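Here is a quick tour of one chain, written for someone who likes to have the model open while reading. Have a look at the fold, then follow along.

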Amino acid sequence: MFKFSNNLVSRDEGNGILELKIFGSIAFGQESSSLGLNAMDASRWISIIDKARKDKKIFGLLLRINSGGGNMVASQELYNAIKRFRDSGKKVVVSIAEVCASGAYYIAAPADVIVANEGSIVGSIGVFMQTIDATELLKKIGVKPSVIKSVQYKDILSPARIMTDYEKEALQKTVDALHEQFVSSVIKWRAERSSEKTIRSIANGLIYVADEAKGYGLVDKLGDREQAKKEIADLTQLDYENLVIYDASRYYKTNDILNDILRSIPLSSVFSKWIKDAVLASMKQTIIETIETSGADQKLLQP
């Protein structure tokens, strides 16, 4: 049986929970990091959660979060996946590492229990949009921009011109609408621990140390990952001392991991497509052979 550190397992060890690490920026289409199991494209996280929801061996989800947020829509889709998981009757516990802010808190909100370390940073509930005014700089360096557009406001965020008051008001309405979506979602799940008035008052973009966040109802308990494990074991009525914790590789094929690693390796544009494909195929086969000779679980090598 192929096993990971910290009591994580990848294959069938009986009933247990899934631990999923949400590390780094929450976005679609970003490159994966080490083995593709931590920071990854948000769509991969969503796929893993949906598969775990249908998995009869999985009784709960332990989300280990260390993220300052990311894209609004990616956060919303991940939030919806977690909501589906909980709506199925399964339990969700969040364990906050260093930071759970902005879009990361958005996805944490539906959890049954949110646990944070004493030094964790929580909050930053809000939405922003920005541009710069480079008109004076362009004048100084003698650059005169020219734009051709089909409609009046198509270049509304262009740094090459000054934004009008009307345009600022229009964009503010957009940001306010997105902010209301965020705040309403937090209120829906956290109002019982706090109140709508309190949540709206602290949804101002500020970050809070865990103990302060707990006072506002954004966090339920102070503690580390072990405390979060106890919470999920209690909620799922599984034995904490013998808790089976599956990691993302239960739903993540080795070929997917290898493809993510190889895609992250920069190759010069002088390579034609067929040369690049040949190089990647050769590297992939070498990695697979290395895994095979190391005696790893052959199930992990299935395409």
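Let's begin in a loop: S124 sits in the stretch between β6 (121-123) and α4 (135-140). This is a predicted model, and in it S124 has a positive phi of about 55° despite not being a glycine. That catches the eye because most residues other than glycine have a negative phi. Q237 does a similar thing, with a positive phi of about 60°, and is not a glycine either. Q237 belongs to the loop between α8 (225-236) and β9, and with a relative accessible area of 74% it counts as exposed.

Now step back for the overall picture. The chain has ten helices and nine strands. Of its 303 residues, 43% count as buried. Among contacts with a separation of 6 or more, 72% are between residues 24 or more positions apart. The accessible surface of the chain comes to about 16100 Å², and carbon and sulfur atoms make up 53% of that.

**Around β3**

β3 is a good place to get your bearings. Eight of its ten residues are buried, so the strand is largely enclosed by the rest of the structure. On one hand, strand β2 (residues 16-23) runs parallel to β3 and is joined to it by eight bridges. On the other, strand β4 (residues 91-101) is also parallel to β3, with seven bridges between them. L62 shows up in both pairings: in β3 it stands opposite E19, while its bridge partner in β4 is V93. To get from β3 to β4 the chain passes through helix α2 (residues 72-87), and this β-α-β crossover is right-handed.

S95, in strand β4, gives a residue-level view of the same region. How buried is S95? Its relative accessible area is 0%, so it is buried. The C-alpha atoms of S95 and L63 are 6.0 Å apart, although the two residues are separated by 32 positions along the chain. Setting aside neighbours within four places in sequence, S95 is in contact with L62, L63, R64, I65, V115, D224, R225 and A228.

**Helix α5**

Next, take helix α5. With 26 residues at 1.5 Å a residue, α5 should span 38 Å, and its end C-alpha atoms are 36 Å apart, which agrees. The buried residues of α5 are E167, L171, V175, F182, V183, S185, V186, I187, W189 and R190. What covers them includes α2, α3 (103-108), β5 (113-116) and α6.

**Salt bridges**

The count of salt bridges comes to 17. Here are three of them, with the closest N to O distance for each.

| Pair | N to O distance |
|---|---|
| R250 and D55 | 2.7 Å |
| D220 and R190 | 3.0 Å |
| R200 and E196 | 3.0 Å |

Start with the salt bridge between R250 and D55. R250 lies in the loop between β9 (245-246) and α9 (254-263), and D55 in the loop between α1 (42-54) and β3 (58-67), so the pair ties together parts that are 195 residues apart in sequence. R250 counts as buried at 17% relative accessibility, and D55 does too, at 12%.

Then comes the salt bridge between D220 and R190. D220 is in the loop between α7 (210-216) and β8 (221-222), whereas R190 is in helix α5 (residues 165-190), so this pair links parts that are 30 residues apart in sequence. Both D220 and R190 are buried.

Where do R200 and E196 lie? Both are in helix α6 (residues 196-202), four residues apart, or about one turn of the helix. R200 is partly exposed at 36% relative accessibility, and E196 is partly exposed as well, at 43%. Elsewhere, salt bridges that share partners join E19, R225, E226 and K229 into one network.

That network leads back to places already visited: E19 is the residue opposite L62 in β3, and R225 is among the contacts of S95.

Technical notes
Residues numbered from 1 in each chain as written. Predicted model: local features only at pLDDT ≥ 70, side-chain atom pairs only at ≥ 80, totals over all residues. Heavy atoms only, no water. Salt bridge = Lys/Arg side-chain N within 4 Å of Asp/Glu carboxyl O. Helix = DSSP H or I, 4+ residues; strand = E, 2+ residues; numbered from the N terminus. Buried < 20%, exposed > 50% of the residue type's maximum accessible area, 1.4 Å probe, protein only. Pairing = 2+ DSSP bridges. Right-handed = clockwise from strand over helix to strand, strands pointing away. Contact = heavy atoms within 4.5 Å. Areas by Shrake-Rupley, 256 points an atom, 1.4 Å probe, with all protein chains shown as cover. Expected span 1.5 Å × (residues − 1).
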